[in-house]
Amino acid sequence: LRYDSRIAGEFKGWEGSTVFELDNGTKWKQARYSYKYRYKYRPRAKVFQDGGRHLLAVDGMDEMIEVRRL
């Protein structure tokens with residue numbers, strides 16, 4: 001399972017319970033606490049499955065974040 005898309009609109013990193021909406025219409029919520037700020041407009045994003053969890057990778061971020069689909 002993998003989704004290649006872009007973040008819809010502005011991306012400002014994540015801060016604990018951030019919801020990410022992708023251009024393909026899917027929405028994902030941050031699953032574990034982490035804080036990281038970086039501003040980008042419509043960056044490329046990938047959600048992929050790793051075992052029983054989903055990870056979001058956003059262009060320009062040096063780490064991935066675990067997410068749950070809404």
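A residue counts as exposed when its relative accessible area is over 50%, as buried when that area is under 20%, and as partly exposed in between. The model used in these exercises is predicted.

**Exercise 1. Classify Tyr 35 and Lys 27 as buried, partly exposed or exposed.**

Solution.
1. Tyr 35 sits in the loop that runs between strand S4 (27–30) and strand S5 (40–41).
2. Its relative accessible area is 53%. Because the cut-off for exposed is over 50%, Tyr 35 is exposed.
3. Lys 27 belongs to strand S4.
4. Lys 27 has a relative accessible area of 38%, so it is partly exposed.

**Exercise 2. Determine which surface patch includes Tyr 35, and give its accessible area.**

Solution.
1. Tyr 35 is joined by Tyr 33, Tyr 37, Tyr 39 and Tyr 41 in a nonpolar patch on the surface.
2. Together these residues have about 690 Å² of accessible area.
3. For the chain, the exposed area is about 4400 Å², of which carbon and sulfur atoms supply 42%.

**Exercise 3. Describe the largest nonpolar core and the strands that supply it.**

Solution.
1. The largest nonpolar core has 14 residues.
2. The members that touch the most other members are Ile 7, Phe 11, Phe 20, Val 47, Leu 56, Val 58 and Val 67.
3. At least two residues of this core come from each of strand S6 (44–50), strand S7 (53–58) and strand S8 (65–69).
4. In soluble globular proteins, nonpolar side chains tend to be buried together.
5. Leaving out residues up to four places away in sequence, Val 67 touches Phe 20, Trp 28, Lys 29, Gln 30, Ala 31, Val 47, His 54, Leu 55 and Leu 56.

**Exercise 4. List the contacts of Lys 27 and give its C-alpha separation from Ile 7.**

Solution.
1. With residues up to four places away in sequence left out, Lys 27 touches Val 19, Phe 20 and Glu 21, and also Arg 68, Arg 69 and Leu 70.
2. Ile 7 lies 20 residues from Lys 27 along the chain, and their C-alpha atoms are 9.7 Å apart.

**Exercise 5. Summarise the chain: its elements, its dimensions and its contacts.**

Solution.
1. The chain contains eight strands and zero helices, giving the pattern β-β-β-β-β-β-β-β along the sequence.
2. A compact globule of 70 residues would have a radius of gyration near 11 Å; the chain has 11 Å, so the two agree.
3. Along the principal axes, the C-alpha atoms fill a box of roughly 30 × 25 × 20 Å.
4. Of the 70 residues, 37% are buried.
5. Among contacts with a separation of 6 or more, 49% are between residues 24 or more positions apart.

How values were computed
Residues are numbered from 1 along each chain as its sequence is written. This is a predicted model: local features need pLDDT of at least 70, side-chain atom pairs count only at pLDDT 80 or more; totals for chains, interfaces and linings use all residues. Side-chain values use heavy atoms; hydrogens and water are left out. Patches are made of residues with over 30% relative accessible area and no salt bridge: like charges are joined within 9 Å, nonpolar side chains (Val, Leu, Ile, Met, Phe, Trp, Tyr) within 5 Å. Accessible areas come from the Shrake-Rupley method with a 1.4 Å probe; for residues, only the protein chains shown count as cover. A salt bridge is a side-chain nitrogen of Lys or Arg within 4 Å of a carboxyl oxygen of Asp or Glu. Helices (H or I, at least four residues) and strands (E, at least two) are DSSP runs, numbered from the N terminus. Buried means under 20% relative accessible area, exposed over 50%, partly exposed in between (1.4 Å probe, protein chains only). A nonpolar core is a set of buried Ala, Val, Leu, Ile, Met, Phe, Trp, Tyr and Cys residues joined through side-chain atoms within 4.5 Å. Contact means heavy atoms within 4.5 Å. The radius of gyration is taken over C-alpha atoms; the globule rule is 2.2 Å times the number of residues to the power 0.38.
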